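Thanks for coming, everyone. Please bring the sequence and the model up on your screens. I'll walk through a few places inside the fold.

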Amino acid sequence: MSVLTTGPPSRLRTASLVVTPAVVAHRGASGYRPEHTLDAYRTAIRLGADAIELDVVPTADGVLLARHENELSLTTDVAAHPELADRRTTKVVDGETMTGWFAEDLTLAEVKTLAARERRPGLRPGNTVHDGREGVPTLNEVLAMVGAESVRRGRAVGVLVELKSPPYFDALGLSLDEPLLADLRRHGLDHARSRVTLMSFDGAVLRRLARRTLVPLVQLLDVGDPVDGPALDAIEEYADAIGVHQDLVLPRTADGALDEPTRLVRDAHRRWLDVYVWTLRAENHYLPTEHRVGDDPAGLGDLRGLADAFLDAGVDGLITDHPDLAIRAVVAAA
Ligand code: G3P
Ligand code: CA
C-alpha cells in the first residue's frame, strides 16, 4: 500500500521506503554476517535489500551505537577485556534482569576497543569466521556508509532505525531523541522525504518524535499487544506504519504450521497504516513446519515460500535476516 494517500491523517503522510513491498535487512544481512556490523549492512546492500534495519543504544557520553541491546557481551568480546572487568554489573532493563557490560557505562572510546562477534554461533557457525574483524559502529558511521553506498550504486538505500528501551534511557538522563535527530541532521536526513524511518515499541517516544520530525514513524507491535480497531486508531494519530511480529499476520497452529491470516493487514490499511512484518529467518529452527527442509535446525529451509505467504497476505515490508531470499519472492510476485 502506498502511504502517499488522499486520506485524512492528522500527521503529514510520508513515503517511508522507496518501494513496496520492501525487503529490509534485519540488523544487516545478519543471516550471513555478525549482526550490526558495517559488513552486515554492506552485504545487505550488495544483496539488493531496499533498506537496512538497525537498533540504537547510547554510550555514557551520549553517542548512539548500532546494537540490539545495551548489554554488550552477547555480540562483542567485552568479556575478554581485563581493563573493563570492573564494569560488569547486574541491571534490570525493561523488566528483565541482565548481567554483563552495558553500553551506557562505557564511553565511545572504550566501546571502540571492542570487536563484534556472532550472536548465534550454534545456528550460524559460518558467520563466526567474521568474528573480531570489525568493531561496533555508531549510527553516524552507518548513515555515512549508507549514503556513500547509495551514491556509488545509484539507488537510495533506506534505513530503519529502532530506538531501544526509551523509558530506561530517559530515566538515566540519556534520552535517545536528541542524539538521534542530531545524527539525522548531520546527514541532511531530518525531512519528510528522508530515506530514514524511525521505529519503536514505545509509543511515547514516537509521539514525542511526531512533534519534532517529519521522518516516517513505525509503531512496533509484539504478540500480546493490542491490535484492535481502537489501538490502530490511536497509532494512526502519530505513526505512518506498524511493524509487527509475524504471528500477528500469519499465526501458527499448535503443530507449528501456518494458520489463516488475521484481519490485521486489512484493518491497518483501512487506516492508511503500512504493515511490516519481522523477523523472517531462513533456518529451519524459525520456520513453520511446511517450509522446513530436512531435520537440521540450522539448515536453511524455504524462506522464499514463507515470504510468498506474507506477500499474499498483503504486507508492505518483509524484515528479514536473509534479504536475498525474500527478494526472490518479491521479484517473482512483481
Ligand atoms: O524491526 C523490528 C524488529 O527488529 C523488532 O525485533 O528484537 O529484533 O529488535 P528485534
Ligand atoms: Ca530491531
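Start with helix α1, residues 38-47. Which of its residues are buried? They are Leu-38, Ala-40, Tyr-41, Thr-43, Ala-44 and Ile-45. Keep in mind that this is a predicted model. Why might buried positions on a helix recur at such spacings? An α-helix has 3.6 residues a turn, so residues three or four places apart point the same way.

What covers those buried residues of α1? The cover includes three strands: β1 (22-26), β2 and β3 (64-66). It also includes the helices α3 (139-153) and α10 (323-333). Just after α1 comes Gly-48, with a positive phi of about 105°.

Now jump to helix α9, residues 303-312. Its buried residues are Leu-303, Gly-305, Leu-306, Ala-307, Phe-310 and Leu-311. They pack against β10, β11 (317-320) and α10. You heard α10 a moment ago, as part of the cover over α1. A glycine follows this helix too: Gly-314, just after α9, takes a positive phi of about 95°.

Next, the core. In soluble globular proteins, nonpolar side chains tend to be buried together. Here, the largest nonpolar core has 84 residues. Which of them touch the most other members? Leu-198, Ile-242, Val-249 and Leu-318 do.

Take Val-249 from that group. Leaving aside neighbours within four places in sequence, Val-249 is in contact with several other valines: Val-244, Val-265, Val-275, Val-277 and Val-315. Its other contacts are Glu-260, Pro-261, Thr-262, Phe-310 and Ala-313. Phe-310 should sound familiar, as one of the buried residues of α9.

There is also a second, separate core, of ten residues. Its members include Ala-51, Leu-220, Tyr-276 and Trp-278. Hold on to Trp-278. We come back to that residue shortly.

Now a charged residue, Glu-53. It lies in strand β2, residues 51-58. Glu-53 is buried, yet has no salt bridge. How far away is the nearest side chain of opposite charge? That is Arg-27, at 5.0 Å. A salt bridge needs the charged atoms within 4 Å, so that distance falls outside the cut-off. But the side chain of Glu-53 does reach the backbone nitrogen of Arg-27, at 3.1 Å.

Who else surrounds Glu-53? Beyond four places in sequence, its contacts include Val-24, Ala-25, His-26, Arg-27 and Gly-28. Others among them are His-36, Tyr-41, Leu-160, Glu-162 and Met-199. Tyr-41 is one of the buried residues of α1.

A smaller stop: Ser-194. Its place is in the loop between α5 (177-186) and β7. Is Ser-194 buried or exposed? Buried, with a relative accessible area of 2%. A polar atom of its side chain lies 2.9 Å from the backbone oxygen of Leu-189.

Last topic, the aromatics. The structure holds two aromatic pairs. One is Tyr-168 with Phe-169: ring centres 5.1 Å apart and planes at 80°, so edge-to-face. Tyr-168 is buried at 14% relative accessible area, and Phe-169 is buried at 0%.

The other pair is Phe-201 with Trp-278. Their centres are 5.6 Å apart and their planes at 85°, so this pair is edge-to-face as well. It links distant parts of the chain, 77 residues apart. Phe-201 sits in the loop between β7 (196-200) and α6 (203-210), and Trp-278 in strand β10, residues 274-280. Phe-201 is partly exposed, at 36%. Trp-278 counts as buried, at 16%.

That's the tour. Questions, please.

Notes
Residues are numbered from 1 along each chain as its sequence is written. Chains are lettered from A and ligands numbered from 1 in the order in which they are written. This is a predicted model: local features need pLDDT of at least 70, side-chain atom pairs count only at pLDDT 80 or more; totals for chains, interfaces and linings use all residues. Side-chain values use heavy atoms; hydrogens and water are left out. A nonpolar core is a set of buried Ala, Val, Leu, Ile, Met, Phe, Trp, Tyr and Cys residues joined through side-chain atoms within 4.5 Å. Buried means under 20% relative accessible area, exposed over 50%, partly exposed in between (1.4 Å probe, protein chains only). Contact means heavy atoms within 4.5 Å. Helices (H or I, at least four residues) and strands (E, at least two) are DSSP runs, numbered from the N terminus. Lys and Arg count as positive and Asp and Glu as negative; His and the chain ends are not counted. A polar contact is a pair of N or O atoms within 3.5 Å; within protein, one must be able to donate a hydrogen and the other to accept it, and residues adjacent in sequence count only if both atoms are side-chain atoms. Rings of Phe, Tyr and Trp (its six-membered ring) pair if their centres lie within 6.5 Å; planes under 30 degrees apart count as stacked, over 60 as edge-to-face and the rest as tilted.
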